[in-house]
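Student: I have a new model open and would like to talk it through with you. Could we go step by step?
Tutor: Happily! Let's put it on the screen.

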Amino acid sequence: MATRFSQINASAATLTKNRTEGSVVPASGMCVTCVDGCIGMCEIGKSAYRGHEVIYPQPFGVITTAAEKTYPIDYSHFNIMGTAVGAHGVEADSDKAIFPAVNLEVAFGHDKRIKFRCPWLIPGIGSTNIAKNNWEGLAIGSALAGTGLTIGENVVGMDPESVIENGRTIDTADLKRRVKLYKDHQRDGYGAIVVQANIEDTRLGVQEYAIEKLGVECVELKWGQGAKDIGGEVKIKDLAKAQLLHKRGYLVMPDPTNPDVIKAFEKGAFREFERHSRVGMVTEESFARRLDELRKAGAKYIFLKTGAYRPADLARAVLFSSRYKIDLLTVDGAGGGTGMSPWRMMNEWGVPPVVLHTLLYQYVKRLADKRKYVPAVAVAGGFAFEDQIFKGLALGAPFVKLVGMARAPIAAAMVGKTIGRTIDEDQIPVYIKRFGNTKEEIFVTANALRRELGQKEFDKLPTGALGLYTYYQRLTQGLRQLMAGSRKFAVELISRDDIAALTPEAADTTGIRNIMDVDKEEAERILDS
């Protein structure tokens, strides 16, 4: 029986729907009866009057978006294997092998001095409104939890208060604020704030500025335009800002300096400009040269982030990361996004996460078997809960040290922020009010944090940070429970045989044993003993 993986022509992402929702042509997504006189609610119809605006998820600035496409294999096609025997990383004693004893800390980098309290980080979140408006919660929550946060691309270029002279960054407001929020709340040396750069950031000298003026130790290169094939764009509603970005070298559409365009904008013919970035052109020579520049500028750790490009590009990323001693390689699978990535591209472009992460494991293992240097590896692409984190770590073990998550942490921070607003306005929804009327009553981690930080510091915490921190605490306890059930009491002890494939296709693609073949030889030995 044929299976369709995609839904087209109607999506909440583009605020479109079919007129005949119960009867839709599978191939085109069109209504079975497309009638003359319809106002055009579907994506085709809306495109007839809003054109290119319908390429992108809407409404811009207050949403994050992920693809609706169902892939043939995803992480739900694997189950975690537990055991009733023994323990790894702790004494096999029922009084000692308890889940709170599981050690979730990871250390990585060329000198193993980057320390996280838990094995995940937020990859690049850059110049979008959704990132900027929630940065306080994301930065403080991540810092308190002792894990990583990456400042994504275009933050300096988009900041009207940035001081740029002769094409180089001299001073900033937004980047400075983002770094400071994180560093002011960092505890005991755990976690890291990372500054990422695309081609525009590199031209502006953003990372050199961050290293020299803001004391940033970790910087990240980003291949392509974004984690997706092209994306991470923004909409601009202010003519002066559109003209400023055009002056700074961005591709702004339509041209905000064209007199006819200016007149059309002022008359309301259109309401938003689009800012686009250029696609990067990767070569080994330019890659090596950039690393040398960053190290000379004082970067202690250099990361590389790449997306769901074709396998040859992944091979390049792995080889270059090995050859030039990158500290962390993050590989992001198809389907997600926090910015203005084109909706159809998000659904129909790139290598799906499980497939991409399997190729990553194979490529890194190939170099490791040759005794080549391999960096720490992080995988990203739709992770949200502890079981998915466990599976991601297991699929890429022993090379994968971290899982990257963006949309889920942003959601937690946004909910925390919203709860804080309802508390301030005395408009707490009934669904939440059953837990209490104050942040101490509503957020289950509040009392412990107050004891740790003291009342004065706790009172300053924004509820967005409490939301992210509390979500992270849920993940840590959940992951500890899963690991204890598998009798693995440290992250580095998780292995590929801690998960089993539920379908022949999942087993064939990944090399993870089908659940019917797990422990087959050992089970036979036990039965024959």
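Student: Which strands does helix 14 lie across, and at about what angle does helix 14 run to strand 16?
Tutor: Keep in mind that this is a predicted model. Helix 14 covers residues 386-395. The strands beneath your question are strand 4 (120-125), strand 15 (376-380) and strand 16 (400-404), and the angle to strand 16 is about 145°.

Student: In what order do the 8 strands close into a barrel?
Tutor: The pairing in this barrel is parallel. Neighbouring strands of the sheet are turned by 25° against each other on average, direction ignored. Going round, the order is 4-5-8-9-13-14-15-16.

Student: How many bridges join strand 9 to strand 13, and which residue stands opposite K222?
Tutor: Strand 9 (residues 218-222) runs parallel to strand 13 (residues 301-306), with 5 bridges joining them. Within this pair, V219 has I302 as its bridge partner. The residue opposite K222 is K305.

Student: And on the strand 8 side, which residue stands opposite E220?
Tutor: Strand 8 (residues 192-197) pairs with strand 9 in the parallel sense, over 4 bridges. Opposite E220 in strand 9 you will find Q196.

Student: Are the two faces of strand 9 buried or exposed?
Tutor: In a regular strand, side chains alternate between the two faces of the sheet. Here C218, E220 and K222 are on one side, with V219 and L221 on the other. Of the 5 residues in strand 9, 5 are buried, and both faces are covered, so the word is buried, meaning under 20% relative accessible area.

Student: Why does I230 count as partly exposed?
Tutor: I230 sits in the loop between strand 9 and strand 10 (234-236). Partly exposed lies between the 20% and 50% cut-offs. I230 fits because its relative accessible area is 35%.

Definitions and conventions: Residues numbered from 1 in each chain as written. Predicted model: local features only at pLDDT ≥ 70, side-chain atom pairs only at ≥ 80, totals over all residues. Heavy atoms only, no water. Pairing = 2+ DSSP bridges. Axes fitted to C-alpha atoms, helices over the stretch in contact; angles between N-to-C directions. Contact = heavy atoms within 4.5 Å. Buried < 20%, exposed > 50% of the residue type's maximum accessible area, 1.4 Å probe, protein only.
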